[in-house]
Amino acid sequence: MRWWVAVAWIDQLIYEAQKNVDEVEVFFVKGTSVSADLKQKKINLATTSEDCGFGIRTIHKGRIGSSSTNNVSQWRECLNAAIASGNLATPQDWEGLPETVSLSPAPLSFDDSIRIEPPVVIDLIEKMLEGAAEHPAEVAAGSASLSSSTVTLANSKGVRYTSQHTGVSLSLEAVHGHSTGYEFDHSSFFDKVDPVLVGERATFFATESDNGKDIATGEYDILLSPLAYGELLGNVFVPALSGRNVHAGRSRLAQSLGKNVTDPQITMYDDPLLEKANGSVRWDAEGTPTRRVDFIREGILETFAYDLKTAYRFGKKSTASAKRGGFGGLPSIGHHNFVVDGKRNEVADERVVYVHNVVGAHTANPMSGEFSVELSNAFWMEEGEFDVPIRSAMLSGNVFDLHHTISGLSKESRAIGSMILPSVKINKQHIIGK
Amino acid sequence: MPGIQYYDLRHVTGQVTHIDIDNGVVESAGTSFFNKAVIRVLSGTGWGILQIDNYVPCTGKKFDAMLESACGLARITQENVILAEAPHGMLAVPPMKEDPRDVSIEEKSSLLSGIETAARHPLVVNTRANFIEKIEHVRFTDSSENEYGYQMCRSGFNVLAVASRNGNVQMGYEREHSIHGFNLRHQQSQGKKAADIAVALLDAGAAKSGKMRAVLDPELAGVFAHEAIGHASEGDLVKEGNSVLKGKTGQKIGNENLTIIDDPGIYEFGFDPVDAEGVAVSRTEIIKKGVINAFLHNRETLASVGNGVAGHARAMPGESPLVRMSNTFIEAGDATEHEIFEECQNGIFLKGSRGGQVDPGRGIFQFNAEYGYLIEKGECTTMVRDVSLSGEILVTLHGITLCGNNRSMSPGYCGKGGQSVPVSDGAPHVLLNDAVVGGSGVD
C-alpha cells in the first residue's frame, strides 16, 4: 500500500475540519525502535517500541486550537477537542498556514542501510565494550538504540509532506574509584557513529580523572569541550535568540540587534540543509521551507528565530524555525542544526583548564545568564595533552558575558544533539576550588 | 506460556489539559489524550520489553503473540535477572477536595489569568502562567495474577514574572502542584509574590563564592536531600557501581540529627498507590541518625543488592519502570528557626530552588537557589541573586548541624533515563557548615 493511502484519514479529517474552522493542520508521526541496555558488561534488557500519534492544530478567526492523541481511530474526538480549545485562545493576527511548494523528496536525515533489528544493536554494544576495554575503568551502564520514523505534515492549504528519519544512539557510563566518565554519540547515519570511540572515551575519562588534585580559587583560562559549551549555550544563549522570548521580554538579547554580542570572531547560524547532520529537514514543523538563518555574523547579532505564530503577531517573517517536541507538542521556536563557527586555531597550546562536562547547567538563570556549575572530568591541559586531573571545582560566571572573552575555537567540531560546536577557549573565568 | 518466568503489563490511558497565558494572551488551552502500554517478560535471562502506543487490551493468542515477541527480545540479553519476593497491595488514592474535571476550562482559564495578572508591576516586562492537569488511568497485571487499577489526577500551576531595568533582567517563579484536587482558587498572592521577588532581585547583588555557613529553607534543603542522597541511594545505581554509597551501609556520613526518608505512600505530589511493578509501596529510611541505612529498590535490585525494600519502581506511561524517588525528605529536628539563624551568625540564607543535578558515582552534586540573603549577626540582611551550592556527598552531610522543627514539602519533577516523574522534596530549615557556595560576585 502506498504511504499516502495509509493515511487517507488525514484527508477526511481536513475535509471535516474545514466545515468549522478556517484552517487545519495535522502532524502525524509513526515510528519504531529497538534498543538494548547494559548493566555493567551484560545486556540487562532489550526493548522494541511502536510509536504512533498525531497532533491537530486549528485556526479560526485568529484563534489557534490544538489537541493530540495516539489513537488514529479517534481523530473526530481529537478534532473536536482542538476546535474547542481554539475557542479559548486569544485571537491574533494570522496570515495563513504555508502553501505547498515543490521540495526535493530526497530525505536529509534518513539512512536506508539502517536495519532496526536486535542483532545490529548487539553489535554496537559489543563494539562499545571493545573500546571500553582500552582503559581499566569499569563499565557501569550503557545503551544502544536504532530508530526509524515517518513524519507527515498535512494542512488545508494542500500541503502533504512526508519525511523519513533514522537514528543511531549510543551511550556508555564508566566508573573508576570515585571518578566517572560518560560518552555518547548520535546520528541519523550509521557510518557517522563510532561505538568503539564512545566506549574508549567513557573509560578514558573515568580512568584519567581518578586521583584528581584540588585547584585554588581564582581566574583561569579555560577550554570548554563541545559538550560543556553546549550545556551553557543550549540552556541560556540559544533560548535568548527565540523571537518569542525576545518579544515577551524574556531575552537579554532583545535590544541587541546590530550590536556586538560576542567576540568578533564568532558566527552562529542555523543550517537546516546541512548534509548528514542530525537535525536536517527541508520543511519545519509547520511546513515552511527551511533555509539558513544567520543569527550572529562576526560578533554582530543580525536576527532572531521565528515561527509563523510569533512572526504574524509581531510583523516578522517566519525563519522556518518551528519545531515540535513529539507528535503532541504545538510548534514552538527552536533550531535544526545550530552551528557555532569562526576562525579556527590551536586552542590548547598554552596551559588551560580543560572542562569536558559540567553538572547543573540547567540551573543557570536564563534571563540574566548567571551560572554556577560543577566541573566534571576537568584537567590541566598543555600542548593539547591531558595533564593533572582536577578533583572538584565550580565554574561561575555569565553565559552572555563570557562570549565576549572567547579567545579561540578548536579546529574540530562535534555534534551535540542538534548543535554543532567546537571546543571553545575562554579567558579569565572564575573557578572556585574546594 | 512455556519458558516465561514472569511477565507484567502496565497500561496507562488518560488526558492532559493545559492552559498557557503569556503577557495576558491565552497562547493555548485544551485537552490531549494518550494511550500507552509496556509489557515486560523474563524468560531465563534479562528483560524483553515491548512499548506500545495505542494499546488495545487483549487476551488469548494475540496477547500470547506479544509475550512471544518480548521473549524473542529477552533471548538477546545476557544478565540473569532475579526478582526478589515483595509484598503486593495498593493504597487508596486520597479523595480530591475539588475534582478539576468538575471545573470548566473557561473558569480555569479565568482563575489562571487572575494569578498571571497579579504578577504585573511597572518593572515587570513579562508575566506567564501555566496550568496543567493530568489524569491517568493505570491498569497493572502480572503473571502471578496480581491485578491493580487506579486513577490519579495531578494538577497545578506555575507563574513567572520577569523584571527588567537598564539591561538587568531577573525572574521570580512560584508553583503549586497537588494530588488533592483543583488548586487554582485564591492563588493571586502567588502571582504577586513572583513579581515582588523578580523586582527585588533587580537590586540584589551577585553572591560571592567560597566556603561559608548556609541556612537552607525547606524547599532548597529538600532538593539537597534529593540530589545529595536520594539519587545515590537508588538500587540500580548502587548495583552498577555508579554510587558512592555502594558498600557503605552502616557507615556514618552525617550528624546524629540527620535522617533522610523516601516514602511513596504519603499523600504528597510523588504519591503512588502501588509501584510500577505492582509492589506495595513503603517507607525507606535511607539515612538514619547520620548512618547509611537502606537503599531504594525495585524487585530486581533488591534481589541483587539487598538492604532495603522494593516498591520504589516508577515509570512514565508506556516506559519501563526505573528505581526512583517519590517523596524525599529530611526529618524535622527540634531547633527553632531563630536558633538556626543564631547559630549561623554569619553566612548566607538560601531560598527556593532552580533545580539541581548529581553525579552519584563521583558523589558530586550541584543545585541552585532562586535567591538568598546574607546572614550577619544572626539576621538576614542584603538580598543576593544567582547563588548555587555544590559539594561531595560523603563530606557535606557532616556539615548539617541543625535541623529545624518545621518540615514542609514542595512538588516538582525529577528526570532519569529520559523519564520525568512527579516527586516532592522537603525538609525543615537546616544549618549547613562549610557549604561551597557559587556566585559571580567579587570583592
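The radius of gyration used here is taken over C-alpha atoms, and the globule rule sets the expected value at 2.2 Å times the number of residues to the power 0.38. With 434 residues, a compact globule would have a radius of gyration near 22 Å, and chain A agrees with 23 Å.

A word on the ground rules. This is a predicted model, in which local features need pLDDT of at least 70 and side-chain atom pairs count only at pLDDT 80 or more, while totals for chains, interfaces and linings use all residues. Residues are numbered from 1 along each chain as its sequence is written, chains are lettered from A and ligands numbered from 1 in the order in which they are written, and side-chain values use heavy atoms, with hydrogens and water left out.

## The two chains

Chain B has a radius of gyration of 23 Å, close to the 22 Å from the globule rule for 443 residues, so chain B is as compact as a globular protein of that length. Helices (H or I, at least four residues) and strands (E, at least two) are DSSP runs, numbered from the N terminus. Buried means under 20% relative accessible area, exposed over 50%, and partly exposed in between (1.4 Å probe, protein chains only). Accessible areas come from the Shrake-Rupley method with a 1.4 Å probe; for residues, only the protein chains shown count as cover.

| Property | Chain A or B | Value |
|---|---|---|
| Secondary structure | Chain A | 9 helices and 19 strands |
| Secondary structure | Chain B | 8 helices and 26 strands |
| Buried residues | Chain A | 61% of 434 residues |
| Buried residues | Chain B | 62% of 443 residues |
| Accessible surface | Chain A | about 16,400 Å² |
| Accessible surface | Chain B | about 15,500 Å² |

Contact means heavy atoms within 4.5 Å. Among contacts in chain A between residues at least 6 apart in sequence, 71% join residues at least 24 apart; the corresponding share in chain B is 74%.

## Two helices of chain A

The expected span of a helix is 1.5 Å times one less than its number of residues. Helix 3 (residues 75-88) of chain A has 14 residues and should span 20 Å, which agrees with the 20 Å between its end C-alpha atoms. Its buried residues include A:Trp75, A:Cys78 and A:Leu79. They pack against elements of both chains: helix 2 (8-17), strand 2 (42-60) and strand 3 (63-69) of chain A, together with strand 2 (25-42) and helix 2 (105-118) of chain B.

Helix 5 (residues 195-208) of chain A also has 14 residues, and its end C-alpha atoms are 20 Å apart, in agreement with the expected 20 Å. Here 10 of the 14 residues are buried, so helix 5 of chain A is largely enclosed by the rest of the structure. Among them are A:Glu200, A:Phe204 and A:Phe205. The cover includes helix 4 (118-132), strand 5 (160-176) and strand 14 (352-359) of chain A.

## Two glutamates of chain B

B:Glu174 is found in strand 6 (residues 168-178) of chain B, and this residue is buried, with a relative accessible area of 10%. Leaving aside neighbours within four places in sequence, the contacts of B:Glu174 include B:Phe157, B:Lys193 and B:Ile197.

B:Glu147 is found in strand 5 (residues 147-165) of chain B and is exposed, with a relative accessible area of 61%. Not counting residues up to four places away in sequence, B:Glu147 touches B:Phe140 and B:Thr141. B:Glu147 and B:Leu9 are 138 residues apart in sequence, and their C-alpha atoms are 9.6 Å apart in space.
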